Amino acid sequence: MRNALFALTLTVSVTATTAVASEGDAPLPPGERFLGVWDLNGNGTATLDELQTMRGRVFDSFDRNGDGVLDESEYVAFDDARAGDVEGYEGENRELMQRITDGMSLSVSDADGDGVVQREEFLVGAEDWLRDLDTNGDGVITAADFPG
Ligand SMILES: [Ca+2]
Ligand SMILES: [Ca+2]
Ligand SMILES: [Ca+2]
């Protein structure tokens, strides 16, 4: 399952040109990795709209039975994929990747606390996620929001 989510996002995100890491390479810095996946039009800025569009694709790919809900069993595969995205990172970069991927966890995403994540919840969750990652507070995610 290593890099499963990343591999998935590459296949659905044909405009992500910057983040092409092959198996065995040192992982890209978290900022490049993030923008390579989430900056859908490749202009260097990931907007809320792009985050929500991409979250929709991620959601649909893990919603195996297509009922518009990610339940605990579907989250097993999603958790694996996100763990794969953190693999290979160390120190501060690992902490950052962990924080990024934790922003899509079941506990964070289940805003209404019913134990599952509705598609709408997952899309709305992009707002807090963006706020958390937007360290310079300009309302979008760019390279400036990441260390290095
Ligand atoms: Ca963009
Ligand atoms: Ca819920
Ligand atoms: Ca920013």
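# Reading two calcium sites, a helix and a core

Modeller: The 6 donor atoms around the calcium ion (ligand 3) subtend angles of 51 to 160°, so their arrangement is irregular. Keep in mind that this is a predicted model.

Biologist: What are the ideal angles at a metal for six octahedral donors?

Modeller: They are 90 or 180 degrees. Now the case here. The angles at the calcium ion (ligand 3) run from 51 to 160°, which makes the site irregular.

Biologist: Which atoms coordinate the calcium ion (ligand 3)?

Modeller: Side-chain names first. Asp-134 (OD), Asn-136 (OD1) and Asp-138 (OD) are among the donors. Val-140 gives its O atom, and Asp-145 (OD) is listed twice. The distances are 2.2 to 2.7 Å. Along the chain, these donors follow the spacing D-x1-N-x1-D-x1-V-x4-D.

Biologist: Is Asp-134 buried or exposed?

Modeller: Buried means under 20% relative accessible area. Asp-134 has 8%, so it is buried. Asp-138 has 44%, so it is partly exposed.

Biologist: What are the protein donors of the calcium ion (ligand 1)?

Modeller: They are Asp-39 (OD), Asn-41 (OD1), Asn-43 (OD1), Thr-45 (O), and Glu-50 (OE), which is listed twice. They lie 2.2 to 2.5 Å from the ion. The spacing in sequence is D-x1-N-x1-N-x1-T-x4-E. Asp-39 sits in the loop between α2 (30–38) and α3 (48–62), while Glu-50 is in helix α3, 11 residues apart. This pair links distant parts of the chain.

Biologist: How are the angles at the calcium ion (ligand 1)?

Modeller: They are 53 to 159° among its 6 donor atoms, and the site is irregular. Two of its donor residues can be placed by accessibility. Asp-39 is at 4%, so it counts as buried. Glu-50 is buried too, with a relative accessible area of 8%.

Biologist: What should the 15 residues of helix α4 span?

Modeller: Count 1.5 Å a residue. Helix α4 (residues 72–86) should then span 21 Å. Its end C-alpha atoms are 21 Å apart, so the two agree. Buried residues in α4 include Tyr-75, Phe-78, Ala-81 and Val-86. Gly-88 follows α4, with a positive phi near 90°.

Biologist: Which residues touch the most other members of the largest nonpolar core?

Modeller: Phe-34 and Trp-38 do, in a core of 30 residues. Helices α2, α3, α4, α5 (91–102) and α7 (119–133) each supply at least two residues of this core.

Biologist: What does Trp-38 touch, not counting residues up to four places away in sequence?

Modeller: Among its contacts are Leu-51, Met-54, Val-58, Met-104 and Trp-129. Glu-50 is also one of them, and Glu-50 is a donor of the calcium ion (ligand 1).

Methods:
Residues are numbered from 1 along each chain as its sequence is written. Chains are lettered from A and ligands numbered from 1 in the order in which they are written. This is a predicted model: local features need pLDDT of at least 70, side-chain atom pairs count only at pLDDT 80 or more; totals for chains, interfaces and linings use all residues. Side-chain values use heavy atoms; hydrogens and water are left out. Donors are N, O and S atoms within 2.8 Å of the metal (3.2 Å for Na, K and Ca); water is not among the atoms, so sites may look incomplete. Four donors count as tetrahedral if all angles lie between 85 and 135 degrees; four count as square planar and six as octahedral if opposite donors are over 155 degrees apart and all others between 65 and 115; anything else is irregular. Buried means under 20% relative accessible area, exposed over 50%, partly exposed in between (1.4 Å probe, protein chains only). Helices (H or I, at least four residues) and strands (E, at least two) are DSSP runs, numbered from the N terminus. The expected span of a helix is 1.5 Å times one less than its number of residues. A nonpolar core is a set of buried Ala, Val, Leu, Ile, Met, Phe, Trp, Tyr and Cys residues joined through side-chain atoms within 4.5 Å. Contact means heavy atoms within 4.5 Å.
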